[in-house]
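Colleague: I would like to learn how to read cysteines and strands in a model. Please take me through an example.

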Amino acid sequence: MRSYAAVDLGASSGRVMVGRVTPDSLDLVEAHRFPNRPVRVPEGLRWDILSLYRGVLDGLRAAGQVDSVGIDSWAVDYGLLDADGALLGNPVHYRDARTEGVAEKVWASVPAAELYAATGIQYAPFNTLYQLTAAAGSAQLAQARRLLLVPDLLSYWLTGEQGTELTNASTTQLVDPRTRAWSYDLAARLGIDLSLFAPLRQPGDPAGALRAEVLEETGLTGPVSVTTVGSHDTASAVAAVPATGERFAYICTGTWSLAGLELDAPVLTEESRAANFTNELGLDGTVRYLRNIMGLWLLQECVRAWGDPDLGVLLREAAAVPALRSVVDAGDPGFLAPGRMPERIAEACRTSGQPVPESRAEVTRCILDSLALAHRRAIEEAQRLAGHPVDVVHIVGGGTRNALLCQLTADACGLPVVVGPTEAAALGNVLVQARAQGLVGDLADMRRLLARTQPLTRFEPLGGTDRWRAAEARLATR
């Protein structure tokens, strides 16, 4: 049995998990969890990256002796280093307002349709491409000599070695998904210097070893290797989908819902672009063909606005509210920014002529119905656009704890839903490390191990899909 530390950073918290693996067993325990609290400063919303690094070091100390370390996090955000390798300010948060109106500037140089045909990445205002365009001309970018995406930045601080992991690099909207390499022509047209990025790494590649200072800080005995994993947390989570065949869809749930398919090649059609599907790169030559949906962020923001009431009570009350009374578009960018979420949801219902949810339970039911409806729409459209039918939906990630959402998703999709594992990103992270040391086999072998060892729950669809189809039509006409 070998032990692996998975550093898994989400938008609201980070955790260091320890995975213990043999060819026939897989056990995961939490060593340390810490908050991820962005900070609003005069220049905008920033990640507290030093606090996150402190949490990583504390987590490695709590983990004890391990054979390897891997890091995954959210995508698109980055830190800039100067010529001495020092960080130039805290990384900008993807919810910062600096990219407002930037897309139109980009599309003036490279039209949106051409940009999608070249990169396969859906439009989102916070994509790294738009962030870099927004930063053009700034003193900080002028001084920068290296750009490291968040997990690569933390890996650099641990090891002193720099690299850019491929699955995360694909979310920058600067990678060609067919060649799985940088799109130099596109970057040149947009005035983006790709030499800022460190060389590309593949999941499983060595990323160095913990520095002597890190070993001393954490109490670990060296050498301890750092292994490149699917550093975009969704890439690691999809690798941990315990599917037993190819005809499956997945939903990675948490702050975001990422709903889609695993394919062998990207879908780069204009119809796919218009439907706002993205082609992010996954393990072993796969493509994560998916749509970003606002996810449980909607509920998280409401709960925060309500003073953090008991979530279990809230969900039980929501289950008693009539279904599909009001729904909103869970992909609406108007819900991206923090603050006043209950009021914004009520206003969206009012504007669309639907009953306005008044109680907390009614708002919660509106959110969960809307998310299930968005899951249905994404999975149905992905199958049609990719010509890839599915028989089952797998839900992984934090949303697996929300049984009501899981049942509603099964009802909406009219398909069985297999739920689990909850810590999918950490498990995918661990398994790539184990595979790099020869302990497990290919992606299918990893998934067989997950299916044998992880607790899974199955939800069967109830009540037919007619009412969901009607709600979908109602939302489409608003």
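Modeller: Start with the disulfide: a pair of cysteine sulfur atoms within 2.5 Å. This is a predicted model, where local features need pLDDT of at least 70, side-chain atom pairs count only at pLDDT 80 or more, and totals for chains, interfaces and linings use all residues. Residues are numbered from 1 along each chain as its sequence is written, and side-chain values use heavy atoms, with hydrogens and water left out.

Colleague: How many disulfides does a search of the whole structure find?

Modeller: Zero.

Colleague: Why is there no bond between cysteine 252 and cysteine 406?

Modeller: Because their sulfurs are 13 Å apart, too far for a bond, although cysteine 406 holds the closest cysteine sulfur to that of cysteine 252. Cysteine 406 is in no disulfide either; its nearest cysteine sulfur, in cysteine 413, is 11 Å away.

Colleague: Is cysteine 252 buried or exposed?

Modeller: Buried means under 20% relative accessible area, exposed over 50%, partly exposed in between (1.4 Å probe, protein chains only). Cysteine 252 has 6% relative accessibility, so it counts as buried. Cysteine 406, at 0%, counts as buried too.

Colleague: Which way does Cys252 point from S15?

Modeller: Strands are DSSP runs (E, at least two residues), numbered from the N terminus. S15 covers residues 248–253, and six of its six residues are buried. Cys252 points the same way as Phe248 and Tyr250; Ala249, Ile251 and Thr253 point the other way.

Colleague: What joins S15 to S19 and to S16?

Modeller: Two strands pair if DSSP finds at least two bridges between them. Six bridges link S15 to S19 (residues 392–397), running parallel. There, tyrosine 250 stands opposite histidine 394. Five bridges link S15 to S16 (residues 257–263), running antiparallel. S15 and S16 form a hairpin, with three residues between them.

Note on methods:
Helices (H or I, at least four residues) and strands (E, at least two) are DSSP runs, numbered from the N terminus.
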